[in-house]
Amino acid sequence: MRTSSLFALLTIATLFSATRLSAQCTPQMNISVYSDGDPSPDGLTVYGYSSTEDSSTLCSCYHSDYQTTAVLQLADGSYVDNTEPGETSSVSAPTDGDGTYYALGAAGLNCSCYGNLGAGGPSISIPPPSSGDYRHRRYPELV
């Protein structure tokens, strides 16, 4: 009987200790969104990519799946976007001649502790596409 009482006492003490440790945890959301983009080798299409990296400390929080959006700002100032479930997304659009294009990224989720959260990545300039093999302008060492 004494052994089971000692075991019960140790179990309760362990549970109280675990509760105190979890109470010391402070949730910290740390979400990074990365953007990238490239024109096709023939310069007729531009591509945008977005990826999300999560290094959050959730403690007792939990969150929904990500919704990641890749956005292209076209040379005329208009936008094209695509949202996909998960941590990556891509988008493409035909080019309308020379100009500067930008790739952007965003991610959203719902956290049980903080509600709806979003994060955005930096705007990445995509060099203007041109007719001919684009790699020759960007990577002259391949010529």
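**Sheet.** I began with the strand pairing in this predicted model. I find three strands in an open sheet, ordered 1-2-5, with antiparallel pairing. Its edges are strand 1 (31-39) and strand 5 (88-94), each of which pairs on one side only. I note an average twist of 15° from one strand to the next.

**Strands 1 and 2.** I looked up this pair next. Nine bridges join strand 1 to strand 2 in the antiparallel sense. I checked one of the partners: Ser32 bridges to Glu53 in strand 2. The two strands form a hairpin with five residues between them. In the turn I find Gly43 with a positive phi of about 75°.

**Strands 2 and 5.** Strand 2 covers residues 45-54, and seven bridges tie it to strand 5. This pair also runs antiparallel. I looked up two positions along it. Val46 sits opposite Ala93 of strand 5, and Gly48 is opposite Val91 of strand 5.

**Cores.** Which residues make up the largest nonpolar core? I list nine: Val46, Ala70, Leu72, Leu74, Val91, Ala93, Tyr101, Ala103 and Ile126. Strand 3 (67-73), strand 5 and strand 6 (101-111) each supply at least two of them. A second, separate core has eight residues, among them Ile31, Val33, Ala107 and Cys111. Val46 and Ala93, noted above as facing each other across strands 2 and 5, are both members of the largest core. For background, I recall that nonpolar side chains tend to be buried together in soluble globular proteins.

**Ala70.** I took one core residue and looked up its contacts, leaving aside neighbours within four places in sequence. Ala70 touches Gly48, Tyr49 and Ser50. Val80, Asp81 and Asn82 are also in contact with Ala70. The list further holds Ser89, Ser90, Val91 and Leu104. Gly48 and Val91, both on this list, are the two residues I found opposite each other between strands 2 and 5.

**Whole chain.** Last, I turned to the overall figures. I count two helices and eight strands in the protein. From the N terminus the elements run α-β-β-β-β-β-β-β-β-α. Of the 143 residues, 27% are buried. The accessible surface is about 9,000 Å², and carbon and sulfur atoms account for 56% of it. How many of the contacts between residues at least 6 apart in sequence join residues at least 24 apart? I have 55% for that share.

Technical notes
Residues numbered from 1 in each chain as written. Predicted model: local features only at pLDDT ≥ 70, side-chain atom pairs only at ≥ 80, totals over all residues. Heavy atoms only, no water. Helix = DSSP H or I, 4+ residues; strand = E, 2+ residues; numbered from the N terminus. Buried < 20%, exposed > 50% of the residue type's maximum accessible area, 1.4 Å probe, protein only. Contact = heavy atoms within 4.5 Å. Areas by Shrake-Rupley, 256 points an atom, 1.4 Å probe, with all protein chains shown as cover. Pairing = 2+ DSSP bridges. Axes fitted to C-alpha atoms, helices over the stretch in contact; angles between N-to-C directions. Core = buried A, V, L, I, M, F, W, Y, C linked by side-chain atoms within 4.5 Å.
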